[in-house]
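Colleague: Could you take me through one part of this model up close? I'd like to hear about the salt bridges and the helix they sit on, and then whatever else is worth a look.

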Amino acid sequence: MRLAELSERSGVPIATIKYYLREGLLAPGRQINARTAEYDEEHLRRLRLVRAMIQVGRVPVATVREVLGHVDDDALPRTIRLGAALWALPQVPEPDEDDEYVRGAHDVADELLESLGWSNAKALVTISPSYRSLVVAMAALRRLGYDWDPQLLLAYARLMHGAAVLDLDFVETHASEAEKVETAVLGAILVEPMLQALHRLAQEEESARRYGFGEQE
(Lines give C-alpha, C1' and ligand atoms only; values in the text may rest on other atoms or scores of the structure.)
Protein backbone atom coordinates (compact mmCIF):
# COMPACT_ATOMS: atom_id res chain seq x y z
CA MET A 1 0.00 0.00 0.00
CA ARG A 2 1.09 3.59 -0.54
CA LEU A 3 1.48 6.14 2.26
CA ALA A 4 -2.01 7.58 1.73
CA GLU A 5 -3.63 4.15 2.13
CA LEU A 6 -1.49 3.41 5.20
CA SER A 7 -2.74 6.65 6.69
CA GLU A 8 -6.36 5.90 5.84
CA ARG A 9 -6.29 2.35 7.22
CA SER A 10 -4.45 3.27 10.41
CA GLY A 11 -6.21 6.56 11.10
CA VAL A 12 -2.81 8.23 11.54
CA PRO A 13 -2.22 11.45 9.55
CA ILE A 14 0.44 11.32 6.82
CA ALA A 15 2.50 13.99 8.56
CA THR A 16 2.54 11.93 11.77
CA ILE A 17 3.60 8.79 9.88
CA LYS A 18 6.46 10.73 8.31
CA TYR A 19 7.48 11.89 11.79
CA TYR A 20 7.47 8.29 13.06
CA LEU A 21 9.60 7.29 10.07
CA ARG A 22 12.12 10.05 10.81
CA GLU A 23 12.27 9.03 14.47
CA GLY A 24 12.91 5.41 13.60
CA LEU A 25 9.65 4.18 15.13
CA LEU A 26 8.49 2.76 11.82
CA ALA A 27 10.68 0.89 9.33
CA PRO A 28 11.07 2.52 5.91
CA GLY A 29 8.83 1.22 3.16
CA ARG A 30 10.07 -0.60 0.06
CA GLN A 31 11.33 2.11 -2.25
CA ILE A 32 9.55 2.08 -5.62
CA ASN A 33 11.21 5.20 -6.96
CA ALA A 34 12.94 8.30 -5.60
CA ARG A 35 9.70 9.79 -4.27
CA THR A 36 7.47 6.78 -3.55
CA ALA A 37 7.61 3.89 -1.10
CA GLU A 38 5.32 0.93 -0.56
CA TYR A 39 4.16 -0.36 2.84
CA ASP A 40 2.65 -3.67 3.97
CA GLU A 41 0.54 -5.18 6.75
CA GLU A 42 3.54 -5.33 9.09
CA HIS A 43 3.90 -1.54 8.79
CA LEU A 44 0.21 -1.18 9.57
CA ARG A 45 0.47 -3.39 12.67
CA ARG A 46 3.55 -1.57 13.93
CA LEU A 47 1.95 1.82 13.27
CA ARG A 48 -1.07 0.87 15.39
CA LEU A 49 1.28 -0.22 18.21
CA VAL A 50 3.21 3.06 18.06
CA ARG A 51 0.00 5.04 18.04
CA ALA A 52 -1.33 3.14 21.06
CA MET A 53 1.88 3.71 22.99
CA ILE A 54 2.14 7.43 22.24
CA GLN A 55 -1.49 8.57 22.09
CA VAL A 56 -3.12 6.20 24.58
CA GLY A 57 -0.26 5.22 26.85
CA ARG A 58 1.37 8.69 26.75
CA VAL A 59 4.74 7.00 26.37
CA PRO A 60 7.53 9.42 25.31
CA VAL A 61 8.95 8.94 21.82
CA ALA A 62 12.42 8.07 23.15
CA THR A 63 10.90 5.36 25.35
CA VAL A 64 8.84 4.00 22.45
CA ARG A 65 12.05 3.71 20.45
CA GLU A 66 13.70 1.79 23.29
CA VAL A 67 10.72 -0.55 23.69
CA LEU A 68 10.59 -1.27 19.95
CA GLY A 69 14.33 -1.98 19.98
CA HIS A 70 13.67 -4.82 22.44
CA VAL A 71 10.61 -5.98 20.48
CA ASP A 72 12.77 -6.36 17.36
CA ASP A 73 15.84 -7.89 19.04
CA ASP A 74 15.90 -11.43 17.67
CA ALA A 75 19.06 -12.20 19.66
CA LEU A 76 17.17 -12.18 22.97
CA PRO A 77 15.35 -15.25 24.35
CA ARG A 78 11.59 -14.74 24.51
CA THR A 79 11.37 -14.24 28.28
CA ILE A 80 14.17 -11.63 28.26
CA ARG A 81 12.69 -9.98 25.19
CA LEU A 82 9.26 -9.71 26.80
CA GLY A 83 10.69 -8.46 30.08
CA ALA A 84 13.02 -5.92 28.48
CA ALA A 85 10.21 -4.45 26.36
CA LEU A 86 7.80 -4.18 29.31
CA TRP A 87 10.43 -2.89 31.73
CA ALA A 88 11.34 -0.11 29.28
CA LEU A 89 7.84 1.35 29.72
CA PRO A 90 7.50 4.19 32.29
CA GLN A 91 7.80 2.83 35.84
CA VAL A 92 7.54 4.10 39.40
CA PRO A 93 10.68 5.78 40.80
CA GLU A 94 13.09 3.93 43.07
CA PRO A 95 11.83 3.85 46.69
CA ASP A 96 13.89 5.19 49.58
CA GLU A 97 15.49 2.02 50.91
CA ASP A 98 16.22 3.74 54.25
CA ASP A 99 12.51 4.28 54.84
CA GLU A 100 11.22 1.90 57.53
CA TYR A 101 7.94 1.39 55.67
CA VAL A 102 9.81 0.46 52.49
CA ARG A 103 11.94 -2.04 54.42
CA GLY A 104 8.80 -3.52 55.95
CA ALA A 105 7.15 -3.73 52.53
CA HIS A 106 10.20 -5.57 51.19
CA ASP A 107 9.86 -8.15 53.96
CA VAL A 108 6.16 -8.73 53.24
CA ALA A 109 6.71 -8.87 49.47
CA ASP A 110 9.58 -11.35 49.81
CA GLU A 111 7.51 -13.54 52.12
CA LEU A 112 4.64 -13.38 49.63
CA LEU A 113 6.83 -14.55 46.74
CA GLU A 114 8.19 -17.34 48.90
CA SER A 115 4.67 -18.48 49.85
CA LEU A 116 3.59 -18.47 46.21
CA GLY A 117 6.63 -20.41 45.07
CA TRP A 118 7.40 -17.73 42.49
CA SER A 119 11.12 -18.51 42.35
CA ASN A 120 11.69 -16.69 39.05
CA ALA A 121 10.09 -13.48 40.31
CA LYS A 122 12.09 -13.79 43.52
CA ALA A 123 15.34 -14.07 41.56
CA LEU A 124 14.59 -10.78 39.77
CA VAL A 125 13.60 -8.60 42.75
CA THR A 126 16.70 -6.41 42.53
CA ILE A 127 15.94 -5.34 38.95
CA SER A 128 12.19 -5.88 38.47
CA PRO A 129 10.08 -2.70 38.08
CA SER A 130 7.00 -4.78 38.92
CA TYR A 131 8.46 -5.81 42.27
CA ARG A 132 9.45 -2.19 42.90
CA SER A 133 5.90 -1.03 42.14
CA LEU A 134 4.53 -3.59 44.60
CA VAL A 135 6.90 -2.42 47.33
CA VAL A 136 6.10 1.27 46.71
CA ALA A 137 2.34 0.63 46.87
CA MET A 138 2.60 -1.52 49.99
CA ALA A 139 4.85 1.01 51.72
CA ALA A 140 2.35 3.80 50.99
CA LEU A 141 -0.46 1.75 52.53
CA ARG A 142 1.63 0.89 55.60
CA ARG A 143 2.61 4.55 56.04
CA LEU A 144 -1.08 5.47 56.21
CA GLY A 145 -1.84 2.72 58.69
CA TYR A 146 -3.41 0.27 56.23
CA ASP A 147 -1.40 -2.90 56.73
CA TRP A 148 -2.92 -5.57 54.50
CA ASP A 149 -3.28 -9.10 55.75
CA PRO A 150 -0.60 -11.28 54.04
CA GLN A 151 -3.21 -14.02 53.50
CA LEU A 152 -5.40 -11.54 51.60
CA LEU A 153 -2.42 -10.54 49.47
CA LEU A 154 -1.75 -14.21 48.81
CA ALA A 155 -5.31 -14.72 47.56
CA TYR A 156 -5.03 -11.68 45.26
CA ALA A 157 -1.67 -12.87 43.93
CA ARG A 158 -3.13 -16.26 43.02
CA LEU A 159 -5.91 -14.54 41.10
CA MET A 160 -3.26 -12.47 39.27
CA HIS A 161 -1.38 -15.62 38.33
CA GLY A 162 -4.55 -16.92 36.70
CA ALA A 163 -4.78 -13.67 34.75
CA ALA A 164 -1.13 -14.02 33.71
CA VAL A 165 -1.84 -17.52 32.37
CA LEU A 166 -4.65 -16.09 30.23
CA ASP A 167 -2.34 -13.28 29.06
CA LEU A 168 0.40 -15.62 27.92
CA ASP A 169 -2.07 -18.05 26.36
CA PHE A 170 -3.33 -15.15 24.23
CA VAL A 171 0.22 -14.04 23.38
CA GLU A 172 0.93 -17.59 22.14
CA THR A 173 -1.85 -17.32 19.55
CA HIS A 174 0.28 -14.91 17.50
CA ALA A 175 2.64 -16.24 14.87
CA SER A 176 5.91 -14.30 14.99
CA GLU A 177 8.11 -13.50 17.96
CA ALA A 178 7.74 -9.77 17.27
CA GLU A 179 3.94 -10.07 17.28
CA LYS A 180 4.06 -11.91 20.60
CA VAL A 181 6.11 -9.17 22.25
CA GLU A 182 4.00 -6.43 20.63
CA THR A 183 0.88 -8.07 22.07
CA ALA A 184 2.41 -8.13 25.55
CA VAL A 185 3.30 -4.43 25.29
CA LEU A 186 -0.20 -3.57 24.08
CA GLY A 187 -1.56 -5.58 27.00
CA ALA A 188 0.37 -3.45 29.46
CA ILE A 189 -0.95 -0.24 27.88
CA LEU A 190 -4.52 -1.11 26.88
CA VAL A 191 -5.57 -4.34 28.57
CA GLU A 192 -4.49 -3.46 32.12
CA PRO A 193 -6.84 -0.42 32.22
CA MET A 194 -9.60 -2.68 30.84
CA LEU A 195 -8.96 -5.24 33.60
CA GLN A 196 -9.02 -2.47 36.19
CA ALA A 197 -12.39 -1.35 34.82
CA LEU A 198 -13.69 -4.93 35.02
CA HIS A 199 -12.48 -5.09 38.62
CA ARG A 200 -14.44 -1.94 39.44
CA LEU A 201 -17.54 -3.28 37.68
CA ALA A 202 -17.23 -6.53 39.63
CA GLN A 203 -17.04 -4.51 42.87
CA GLU A 204 -20.18 -2.60 41.89
CA GLU A 205 -21.99 -5.84 41.08
CA GLU A 206 -20.96 -7.53 44.33
CA SER A 207 -21.83 -4.43 46.35
CA ALA A 208 -25.33 -4.37 44.85
CA ARG A 209 -25.79 -8.10 45.48
CA ARG A 210 -24.78 -7.77 49.13
CA TYR A 211 -26.33 -4.48 50.06
CA GLY A 212 -28.96 -3.78 47.38
CA PHE A 213 -30.01 -0.34 46.20
CA GLY A 214 -32.46 0.51 48.96
CA GLU A 215 -32.05 2.93 51.81
CA GLN A 216 -29.53 2.16 54.49
CA GLU A 217 -31.06 0.38 57.45
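Modeller: Let's start with arginine 46, which forms a salt bridge with glutamate 182; their closest N and O atoms are 2.9 Å apart. This pair links distant parts of the chain, with arginine 46 in helix 3 and glutamate 182 in helix 10, 136 residues apart. Keep in mind that this is a predicted model.

Are the two partners buried or exposed? Arginine 46 counts as buried because its relative accessibility is 11%, under the 20% cut-off. Glutamate 182 is buried too, with a relative accessible area of 3%. The pair also belongs to something wider: Arg45, Arg46, Asp72, Glu179 and Glu182 are linked in a network of salt bridges.

Now the helix itself. Helix 3 covers residues 41-56, so 16 residues, and it reaches 21 Å from its first C-alpha to its last, close to the 22 Å expected at 1.5 Å a residue. Its buried residues are His43, Leu44, Arg46, Leu47, Leu49, Val50, Ala52, Met53 and Ile54. An α-helix has 3.6 residues a turn, so residues three or four places apart point the same way. What do the buried residues of helix 3 pack against? They pack against helix 1 (3-10), helix 2 (14-22), helix 4 (61-71) and helix 10 (177-211). Helix 10 is also where glutamate 182 sits.

Stepping back to charge pairs in general, the structure holds 16 salt bridges. Side chains of opposite charge can pair when their charged atoms come close. One of these bridges joins glutamate 94 and arginine 132, at 3.3 Å from N to O. Glutamate 94 lies in the loop between helix 5 (78-87) and helix 6, while arginine 132 is in helix 8, so the pair ties together parts that are 38 residues apart in sequence. Here the two ends have unlike surroundings: glutamate 94 is exposed, with a relative accessible area of 59%, whereas arginine 132 counts as buried at 16% relative accessibility. Another bridge runs from lysine 122 to glutamate 114, with the closest N and O atoms 2.2 Å apart. Lysine 122 is partly exposed, at a relative accessible area of 37%.

On to the rings. A search of the whole structure finds 2 aromatic pairs. In one of them, the rings of tyrosine 19 and tyrosine 20 have their centres 6.1 Å apart and their planes at 50°, so the pair is tilted. Tyrosine 19 is partly exposed, with a relative accessible area of 32%, but its partner tyrosine 20 is buried, at 4%. Tryptophan 148 and tyrosine 156 form a tilted pair as well, 5.7 Å centre to centre with 45° between the planes. Both of these residues are partly exposed: tryptophan 148 has a relative accessible area of 37%, and tyrosine 156 has a relative accessibility of 35%.

That second pair takes us to the surface. Trp148 and Tyr156 are among the residues that make a nonpolar surface patch of about 840 Å², along with Leu141, Leu144, Tyr146, Leu152, Leu159 and Met160. Which helix gives the most to the nonpolar patch? Helix 9 (residues 150-171) does, with 4 residues. Tyrosine 146 lies in the loop between helix 8 (129-143) and helix 9, and this tyrosine is exposed, with a relative accessible area of 53%.

Terms used: Residues numbered from 1 in each chain as written. Predicted model: local features only at pLDDT ≥ 70, side-chain atom pairs only at ≥ 80, totals over all residues. Heavy atoms only, no water. Patch = residues over 30% accessible without salt bridge, like charges linked within 9 Å, V, L, I, M, F, W, Y side chains within 5 Å. Areas by Shrake-Rupley, 256 points an atom, 1.4 Å probe, with all protein chains shown as cover. Salt bridge = Lys/Arg side-chain N within 4 Å of Asp/Glu carboxyl O. Helix = DSSP H or I, 4+ residues; strand = E, 2+ residues; numbered from the N terminus. Buried < 20%, exposed > 50% of the residue type's maximum accessible area, 1.4 Å probe, protein only. Phe/Tyr/Trp six-rings, centres within 6.5 Å; stacked < 30°, edge-to-face > 60°. Expected span 1.5 Å × (residues − 1). Contact = heavy atoms within 4.5 Å.
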